[in-house]
Amino acid sequence: MFEGQKSKYQFIFFSVSFLGSRRVIQIIGLAIATLFSIGLFSDFPSFSQESVTVRFLVQAGEASQFASFAEDFNQKNPNITLEIVRGPNNTNLVEDLYTSAFLLGDSPYDIVYMDIVWVQKFAAAGWLADLSPWVDPNLLTPYLEGVTEGGRYQDKLYRMPLRADGGMLYYRTDLLKEIGVEPPATFADLSKISKQIQDKGLAQWGYVWQGKQYEGLSAMFTEVLEGFGGFWVDPETNEVGLDKPEAIAAVEFLRQTITEGISPEDVTTYSEEESRLLFQSGNTVFLRNWPYVVPLANQSQIANKFSIKPMVHAPGLNSGACLGGWGFGISSNSPHQEEAWKVIEYFNTVDVQREYFLKTGFVPGRRSLFLDAALVTKYPHYPLLLEVINNSVLRPPIAQYAQTSDILQRYLSAVLTGSQTPEAAMQAAARETRTLLGGKQKINS
């Protein structure tokens with residue numbers, strides 16, 4: 001007993017060191033409360049041998065969306081009970097609950113329903129099972145390349161995709177028509193059109209985006225960085241590109257939108273919802289945001305007055321849609337891995353996914369569903385989403401992603417609020433990132 005406890009504490013110490021000082025005590029406390037709430041501090045498992053219970057944790061808002069599928073799965077698989085555990089609505093808290101459950105050593109979650117940016121951290125910590133024994137390569141062929149690549153770590157697959165996500169540019173079709181211009185292709189076009197419409201008094205703001213110091217800032221910057229031809233971290237070599245001219249130009253563009261009055265000064269406090277609401281108020285020309293805005297904006301005063309397109313870019317370079325999305329992994333310490341895979345297989349079927357996306361309006365990871373007749377009838381913007389997601393770019397798929405993102409957020413915020421110059425801030429961000437990653441990569445002048 002003592003040796004087992006000692007091993008568990010050693011594992012927790014290692015994991016805390018790996019993860020850094022990220023509210024470890026708080027999240028373990030949160031996990032303990034959750035474990036009590038689902039009755040798991042008894043001998044596990046305490047169920048009939050004739051039926052195995054498989055659990056995964058989701059945000060509260062999604063739990064109800066999964067309920068009917070769990071019922072259907074349970075009817076079709078009488079020897080397996082799929083149980084959806086309702087977590088907080090805050091995505092970061094859901095990640096913390098998974099993390100703390102793993103730190104405690106005996107996670108109650110057989111399936112890990114996870115954001116694309118959690119995969120590498122969870123896999124590097126040894127918390128996820130390699131899915132290779134179950135996954136025939138043909139299973140991945142129907143999916144967009146980005147959503148499958150985002151589920152890999154060190155050439156092994158740890159996550160099967162379900163839904164995708166991608167940042168895009170929203171624009172007011174009526175306002176562009178008013179001044180007789182086409183949607184912008186470049187950053188310069190976006191600035192020019194914004195000023196033209198503002199000068200005519202047709203809108204107060206040209207462009208709104210997510211400038212608050214949080215993960216959404218890193219996601220938004222990933223797209224601008226790609227559009228300027230830069231890169232953040234090369235996952236193969238750990239080379240850092242934040243202090244290169246392309247990255248500095250990307251930061252300068254964002255800062256310039258504020259100093260020139262194209263974006264409001266308080267854009268530095270905006271997350272997705274603040275920027276969405278300002279766009280829907282009818283007083284903004286362009287918005288960078290995720291696909292969830294489409295149905296909401298279609299219920300607002302700008303209904304039928306906007307459209308979407310891939311993000312703008314510098315001349316001759318590529319558009320980038322920061323790739324998000326969720327999918328399923330299997331806990332490495334689950335005693336029910338085979339049963340967990342049966343659940344993942346169920347959600348991998350076309351018919352189940354069609355019903356899931358009809359019900360939720362989320363973005364498919366499977367190519368064919370963007371053009372599926374039933375889905376397009378209900379969500380006519382799906383074909384446009386395919387164009388956006390095809391131009392996707394991943395945030396660095398590295399185990400230290402969370403810490404890397406924290407560094408970037410701090411220095412971007414310093415630039416956007418005017419406390420540091422783009423060049424000084426990005427040089428400092430690059431230095432800290434290199435130190436975090438070991439400093440072994442070649443630094444180009």
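1. **Gln-154 and its loop.** In this predicted model, Gln-154 counts as exposed, because its relative accessibility is 61%, over the 50% cut-off. Gln-154 sits in the loop between strand S4 (152-153) and strand S5 (156-157). Its backbone deserves a look. Gln-154 is not a glycine, yet it has a positive phi of about 50°.

2. **Asp-155, next in the loop.** Asp-155 is also placed in the loop between S4 and S5. Its phi is positive too, at about 65°, and Asp-155 is not a glycine either. Is Asp-155 buried or exposed? It is exposed, because its relative accessible area is 76% and the cut-off is over 50%.

3. **The second largest pocket.** Gln-154 comes back here. The second largest pocket holds about 430 Å³ of space. Its lining has 14 residues. Those nearest its centre are Tyr-153, Gln-154, Pro-235, Glu-236 and Pro-397. By class, the lining splits into six nonpolar, four polar and four charged residues.

4. **The second largest cavity.** Pro-397 also helps to line a cavity. The model has two cavities of 30 Å³ or more. The second largest of them has a volume of about 70 Å³. Along with Pro-397, its lining includes Ile-116, Val-117, Gln-120, Gly-150 and Leu-323. Leu-394, Arg-395, Pro-396 and Tyr-401 are also among the lining residues. Seven of the lining residues are nonpolar, two are polar and one is charged.

5. **The largest pocket: size and centre.** The largest pocket contains about 1,400 Å³ of space. A total of 44 residues line it. Which of them are the closest to its centre? They are Thr-91, Asp-115, Glu-272, Trp-290 and Trp-326.

6. **The largest pocket: contributing elements.** Several helices and strands give two or more residues to this lining. The helices are H3 (60-76), H4 (91-103), H9 (215-227), H11 (272-280), H12 (293-297) and H17 (401-416). The strands are S6 (160-166) and S11 (321-330). Which element gives the largest share? H17 does, with five residues. The class make-up of the lining is 16 nonpolar, 16 polar and twelve charged residues.

7. **H9 against H10.** Two packed helices are described by the angle between their axes and the distance between the axes. Take H9 first, one of the helices in the lining of the largest pocket. The axes of H9 and helix H10 (residues 245-259) come within 9 Å. They cross at roughly 120°. H9 and H10 are therefore oblique to each other, as the roughly perpendicular range is 65 to 115 degrees and roughly antiparallel starts over 145. Their crossing is right-handed.

8. **H10 against H17.** H10 has a crossing with H17 as well. Here the axes come within 9 Å, and the crossing angle is roughly 40°. That makes H10 oblique to H17, because roughly parallel requires an angle under 35 degrees. H10 passes H17 in a right-handed crossing.

9. **Helix H14 and its end.** H14 covers residues 350-360. Which of its residues are buried? They are Val-352, Gln-353, Tyr-356, Phe-357, Leu-358 and Thr-360. Gly-361 follows just after H14 and takes a positive phi of about 75°.

10. **Val-350.** Val-350 also lies in H14. Val-350 counts as partly exposed, because its relative accessibility is 30%, between the 20% and 50% limits. Along the chain, Val-350 and Pro-142 are 208 residues apart. In space, their C-alpha atoms are separated by 9.9 Å.

11. **Leu-82.** Leu-82 belongs to strand S2 (residues 80-87). Why does Leu-82 count as buried? Its relative accessibility is 4%, and buried means under 20%. Leu-82 and Val-54 are 28 residues apart in sequence. From C-alpha to C-alpha, Leu-82 and Val-54 are 5.0 Å apart in space.

Note on methods: Residues numbered from 1 in each chain as written. Predicted model: local features only at pLDDT ≥ 70, side-chain atom pairs only at ≥ 80, totals over all residues. Heavy atoms only, no water. Buried < 20%, exposed > 50% of the residue type's maximum accessible area, 1.4 Å probe, protein only. Helix = DSSP H or I, 4+ residues; strand = E, 2+ residues; numbered from the N terminus. 1 Å grid on protein atoms, 1.4 Å probe; cavity = no way out; pocket = protein on both sides within 12 Å on 5 of 7 lines; lining within 4 Å. Points joined across faces, edges and corners; volume = space filled by probe spheres on them. Nonpolar A, V, L, I, M, F, W, Y, C, P; charged D, E, K, R; others polar. Axes fitted to C-alpha atoms, helices over the stretch in contact; angles between N-to-C directions. Left-handed = near helix turned anticlockwise from the far one by under 90°.
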